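Reader: I should be grateful for a close look at a single part of this structure. Please choose one helix and describe its surroundings in a connected account.

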Amino acid sequence: MDGIFLQQMVNGLTLGSVYGLIAIGYTMVYGIIGMINFAHGEVYMVSAYLAAIGLAVLSFFGVQSFPFLILGTMIFTIVVTGVYGLVIERVAYKPLRNSTRLAPLISAIGISLILQNYVQISQGARQQGVPTLLEGSMRLSIGTGFVQLTYTKIFILIAAFIGMAILTWLIKCTKLGRMCRAVQQDRKMASILGINTDRVISYVFIIGAAMAALAGVLITMNYGTFDFYAGFIIGIKAFTAAVLGGIGSLPGAMLGGLILGVAESQFAGMVNSDYKDVFSFSLLVLILILRPQGLLGRPLVVKV
């Protein structure tokens, strides 16, 4: 039993770290403009296809070394996915920024459907796959059981941690981060002080898309398969993680992702994998009943 628990803990941390990376996109956009980007799950889905394309192109040109292969794929995927994030902001959000809250929501759902159908038509409806890039594993003995740690899972955990560390440094220690925090606190006052709020909002969409791209590469490495509908379920799970941790809080997004991933994996391993999604959303409902602002979120303060 101890071995199963620890194995599912490792699986949950791996899955949760990826949920957290995608949840960052939701929480950053909400923190800046107070709206949910419901096309964000499809941005992740597009990044999975881009990762496969990047791997195929680099392999075609003879790149076989794992460090160069994965680094080149990540750079390509993050850059192109960032462009997708920028286009979504310019098309679905910027023209509707001063309209009612419902208009950008409907527009984002429309972009989500457009991306799904665009990928389905251009890449086909069949499930796609990539070969295993990092083979091998290590086995740790725990009491009477053992824990299997694949090198892929270790790499995912390290890459997710590095990605979150870079984002934290960007937000806390750079001029762009200070502008993002200023716009988040008071967009009108930030504009009066000379901050180009439109440009900051565009940067936030690009950063969120880049985090989704990193998650897309890591999930593609872990599972090896994906399809044009993959963004819907992952997107809903990541949104759940963002709300669970406290939407608008970057540490909350990562914490919510880890909690959701571990809870889902433990329930799947200990109880029944068929109802793991039901358990995950039940956990969300319970947290919101007990703490509506999420674990690390702050209560809404009305400015007068």
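Author: What follows concerns helix H8 and the parts of the chain that surround it. The model is a predicted one, and every value below was computed from it.

Helix H8 covers residues 197–223. A pair of packed helices is described by the angle between their axes and by the distance that separates those axes. Helix H5, which covers residues 151–173, packs with H8 at an angle of about 175°, and the two axes are 10 Å apart. An angle over 145 degrees counts as roughly antiparallel, and H5 and H8 are therefore roughly antiparallel to each other. On the H5 side, the contact is made by Thr152, Lys153, Phe155, Ile156, Ala159, Ala160, Gly163, Leu167 and Leu170. On the H8 side, Ile207, Met211, Leu214, Leu218, Met221 and Asn222 take part. Sorted by class, the residues of this contact comprise eleven nonpolar, three polar and one charged.

Helix H6, residues 175–185, also packs with H8. The axes of H6 and H8 come within 10 Å and cross at roughly 110°. Because angles of 65 to 115 degrees count as roughly perpendicular, H6 and H8 are described as roughly perpendicular to each other. Leu176, Met179, Cys180 and Val183 of H6 meet Thr197, Val200, Tyr203, Val204 and Ile207 of H8. This contact has eight nonpolar residues, one polar residue and no charged residues. Ile207 of H8 is listed in the contact with H5 and again in the contact with H6.

The two partners of H8 also pack with one another. H5 and H6 meet at an angle of about 75°, with their axes 5 Å apart, and that angle makes H5 roughly perpendicular to H6. Leu170, Ile171, Lys172 and Cys173 represent H5 in this contact, while Leu176, Gly177, Arg178 and Arg181 represent H6. The residues involved divide into four nonpolar, one polar and three charged. Leu170 of H5 thus belongs to the contact with H6 and to the contact with H8. Leu176 of H6 likewise belongs to the contact with H5 and to the contact with H8.

These contacts lead to the question of the nonpolar core. In soluble globular proteins, nonpolar side chains tend to be buried together. The largest nonpolar core of this model has 79 residues, and Ile24 and Leu218 touch the most other members. H8 gives the most to this core, with 14 residues. Leu218 is one of the H8 residues in the contact with H5. Ile24, when its neighbours within four places in sequence are left aside, is in contact with Met164, Leu167, Met211, Leu250 and Ala253. Of these, Leu167 and Met211 are also listed in the contact of H5 with H8.

A polar residue of H8 merits separate mention. Ser202 is found in helix H8, and at 4% relative accessibility Ser202 counts as buried, because the cut-off for buried is under 20%. Not counting residues up to four places away in sequence, Ser202 touches Leu86, Glu89 and Arg90. These three residues fall within helix H3, residues 66–93.

Another residue of H3 is Val80. Val80 is partly exposed, with a relative accessible area of 24%. Val80 and Ala213 are 133 residues apart in sequence, yet their C-alpha atoms are 8.8 Å apart in space.

Methods:
Residues are numbered from 1 along each chain as its sequence is written. This is a predicted model: local features need pLDDT of at least 70, side-chain atom pairs count only at pLDDT 80 or more; totals for chains, interfaces and linings use all residues. Side-chain values use heavy atoms; hydrogens and water are left out. Axes are lines fitted to C-alpha atoms, for helices over the stretch in contact, and angles run from 0 to 180 degrees between N-to-C directions. Helices (H or I, at least four residues) and strands (E, at least two) are DSSP runs, numbered from the N terminus. Angles under 35 degrees count as roughly parallel, over 145 as roughly antiparallel, 65 to 115 as roughly perpendicular and the rest as oblique. Contact means heavy atoms within 4.5 Å. Ala, Val, Leu, Ile, Met, Phe, Trp, Tyr, Cys and Pro count as nonpolar, Asp, Glu, Lys and Arg as charged, and the others, Gly among them, as polar. Buried means under 20% relative accessible area, exposed over 50%, partly exposed in between (1.4 Å probe, protein chains only). A nonpolar core is a set of buried Ala, Val, Leu, Ile, Met, Phe, Trp, Tyr and Cys residues joined through side-chain atoms within 4.5 Å.
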